[in-house]
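This briefing goes with the sequence and structure shown below. Please read it with the structure open.

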Amino acid sequence: MFLLFGLTNVVSPYLLCAIFGLLSVITVCGNLLVITAILYFRQLHSPTHYLILSLAVADLLVGVLVLPFSAVLIVEPCFYLQTFICRVRNSCDMFLSTTSILNLCFISVDRYHAVCQPLKYRMIINVRATVGMIAVSWTLPVLIGIGITMNDLNPKQSKTRCLLFQNPSLILLIIGTVVFFYLPAVIILTTYLKILIVAQRQARAIKNAASLSRAPGEMLNKTQRKATRILAIVMGIFFLCLTPFFLCLTFNHFNYNTLTVSVIEFFKCLGWSNSMLNPFVYAFFYSWFRSAFKMIISGQIFQGDFMNSKLF
C-alpha cells in the first residue's frame with residue numbers, strides 16, 4: 001500500500017495518487033475526531049490531553065499538507081511548480097515530524113511525573129507548564145527550519161522527481177538524525193524505562209497490601225498506570241514507523257549511498273502512516289475516546305449540551 005515513488009514505473013501513478021488521497025482523508029478525519037473530542041468534552045481538559053491535542057494537530061497537518069503535495073508530485077513529477085511544491089512538502093514534513101516527536105517527549109515527561117511523583121504532579125504539570133511545552137514543540141522546529149534554510153541546506157532534487165533528503169550533507173544529516181530523532185528517542189526511552197520500574201514497584205506494593213479497600217489514591221495509581229501503558233504503545237508505534245527511515249539515512253550516508261531512493265522513500269512513507277494510526281490507537285485503547293467518538297460521529301453532540309458528559 002505504501003510503496004510510492006519507486007513503484008511509479010510498475011503501478012499507475014494515478015492509483016498511487018488515489019491511495020495517498022485516501023490516506024490523507026483517513027488521517028484528517030481520525031485526528032479531527034481526537035481534536036474535537038478534547039476541545040468539546042470538559043472531562044478531557046487536562047494537561048495530558050492537551051499534549052495529545054497538540055500531537056493530533058501535527059498529525060492532522062500531515063494529512064492536509066504533506067500527503068496531498070506528495071500525491072501531486074506523483075502524478076506530475078516534472079511540471080514547472082515541482083521545485084516549489086517539493087520544498088514546501090519537505091519543509092512541512094521536517095517541521096511536523098519534529099513537532100510530533102517533541103510532543104511525544106513532553107508526553108513522556110508528563111507520564112513520568114504522574115507515575116513517579118503523583119503527589120507533586122498537579123503542582124508541576126499544570127496548564128501553564130503544558131502551554132509552555134506545547135509552545136516549545138511548535139516554535140523550536142520553526143527556528144531550526146529557519147536556520148537550515150539560511151545555511152542553504154535544502155534537500156537535493158533531481159530533474160525528474162522530488163527527493164526526500166537524498167544525499168544530505170553531513171551537517172544536515174547530524175541535525176536531522178541526532179537532534180530530530182536519536183536524542184529525543186533516548187530521552188523518551190530513558191523516561192519510560194524509569195516509569196516502568198516505578199510502576200512495577202507500585203504494583204507489587206499494592207498487591208502485597210493487606211487492605212482490600214480501593215482507596216482514592218490506589219484508584220488514581222491504577223488509572224495513571226493504564227494511561228502510561230497506552231501512551232507507551234502510541235510511542236512504540238511511532239518509533240516503529242519512524243526508526244527505519246532515520247536508520248536508512250544514517251547507514252546510507254556512511255555506506256556510500258548503497259540504498260536506493262525507492263527504499264528510503266518507502267520507509268519515509270511508513271513514517272507518514274503514523275499520523276493515521278494514532279487516532280485508531282486512542283479509539284482502541286481509551287474507553288473515553290471511544291465514547292466521545294461515538295457521540296461525535298452519531299451527531300449526538302449537536303442535539304444538546306453534552307460538554308459535561310461523564311466519559312470515564
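The points below cover the annotated segments, the nonpolar cores, the charged pairs, the aromatic pairs and two single residues.

The model is predicted. Its largest nonpolar core has 52 residues, and the structure also holds 2 salt bridges and 8 aromatic pairs.

**Annotated segments**

- An unreviewed UniProt entry lists residues 12–41, 50–74, 125–150, 170–197, 230–252 and 272–289 under "transmembrane region".
- One of these listed segments is 50–74; in the model, residues 50–74 are 100% helix and 0% strand.
- The C-alpha atoms at the two ends of 50–74 lie 35 Å apart.

**Nonpolar cores**

- Within the largest nonpolar core, which counts 52 residues, Phe41 and Phe289 touch the most other members.
- Two or more residues of this core come from each of α1 (13–40), α2 (47–75), α3 (82–116), α6 (170–207), α7 (216–254), α8 (261–285) and α9 (287–297).
- Helix α7 gives the largest share of the core, with 9 residues.
- Another core lies apart from this one and has 15 residues, including Phe20, Ala58, Leu67 and Ile74.
- Not counting residues up to four places away in sequence, Phe41 touches Ala292, Met295, Ile296, Ile301, Phe306, Met307, Ser309 and Leu311.

**Helix α3**

- Helix α3 has 35 residues and spans 50 Å from its first C-alpha to its last, close to the 51 Å expected at 1.5 Å a residue.
- This helix is mostly covered, as 25 of the 35 residues in α3 are buried.
- Thr99 is part of helix α3 and is buried, at 0% relative accessibility.
- Beyond its neighbours within four places in sequence, Thr99 is in contact with Ala58, Ser137, Trp138 and Pro141.
- Ala58, one of these contacts of Thr99, is also among the residues of the 15-residue core.

**Salt bridges**

- Side chains of opposite charge can pair when their charged atoms come close.
- The structure holds 2 such salt bridges.
- In one salt bridge, the side chains of Lys268 and Asp93 meet at 3.2 Å, N to O.
- Lys268 lies in helix α8 and Asp93 in helix α3, so this pair ties together parts that are 175 residues apart in sequence.
- Both partners are covered: Lys268 is buried with a relative accessible area of 3%, and Asp93 is buried with 2%.
- Asp110 and Arg111 also meet through their side chains in a salt bridge, at 2.9 Å, N to O.
- Asp110 is buried at 0% relative accessibility, and Arg111 is buried at 3%.

**Aromatic pairs**

- A pair of aromatic rings is described by the distance of the centres and the angle of the planes.
- Of the 8 aromatic pairs in the structure, one is formed by Phe181 and Tyr182, edge-to-face, with 5.4 Å centre to centre and 70 degrees between the planes.
- Phe181 is buried at 3% relative accessibility, whereas Tyr182 is partly exposed, with a relative accessible area of 26%.
- Phe181 also pairs edge-to-face with Phe239, at 5.9 Å centre to centre and 70 degrees between the planes.
- Phe181 lies in helix α6 and Phe239 in helix α7, so the pair ties together parts that are 58 residues apart in sequence.
- Phe181 and Phe239 are both buried.
- One aromatic cluster is formed by Phe181, Tyr182, Phe239, Phe245 and Phe246.

**Ile124 in helix α4**

- Which helix holds Ile124? Ile124 belongs to helix α4, which covers residues 121–124.
- Ile124 counts as partly exposed because its relative accessible area is 34%, a value between the cut-offs of 20% and 50%.
- Leaving out neighbours within four places in sequence, Ile124 is in contact with His113, Gln117 and Ala129.
- Ile124 and Ala114 are 10 residues apart in sequence, and their C-alpha atoms are 9.6 Å apart in space.

Key: Residues are numbered from 1 along each chain as its sequence is written. This is a predicted model: local features need pLDDT of at least 70, side-chain atom pairs count only at pLDDT 80 or more; totals for chains, interfaces and linings use all residues. Side-chain values use heavy atoms; hydrogens and water are left out. UniProt positions are given in the numbering used here, feature names are shortened, and annotations may be inferred rather than shown by experiment. Helices (H or I, at least four residues) and strands (E, at least two) are DSSP runs, numbered from the N terminus. A nonpolar core is a set of buried Ala, Val, Leu, Ile, Met, Phe, Trp, Tyr and Cys residues joined through side-chain atoms within 4.5 Å. Buried means under 20% relative accessible area, exposed over 50%, partly exposed in between (1.4 Å probe, protein chains only). Contact means heavy atoms within 4.5 Å. A salt bridge is a side-chain nitrogen of Lys or Arg within 4 Å of a carboxyl oxygen of Asp or Glu. The expected span of a helix is 1.5 Å times one less than its number of residues. Rings of Phe, Tyr and Trp (its six-membered ring) pair if their centres lie within 6.5 Å; planes under 30 degrees apart count as stacked, over 60 as edge-to-face and the rest as tilted.
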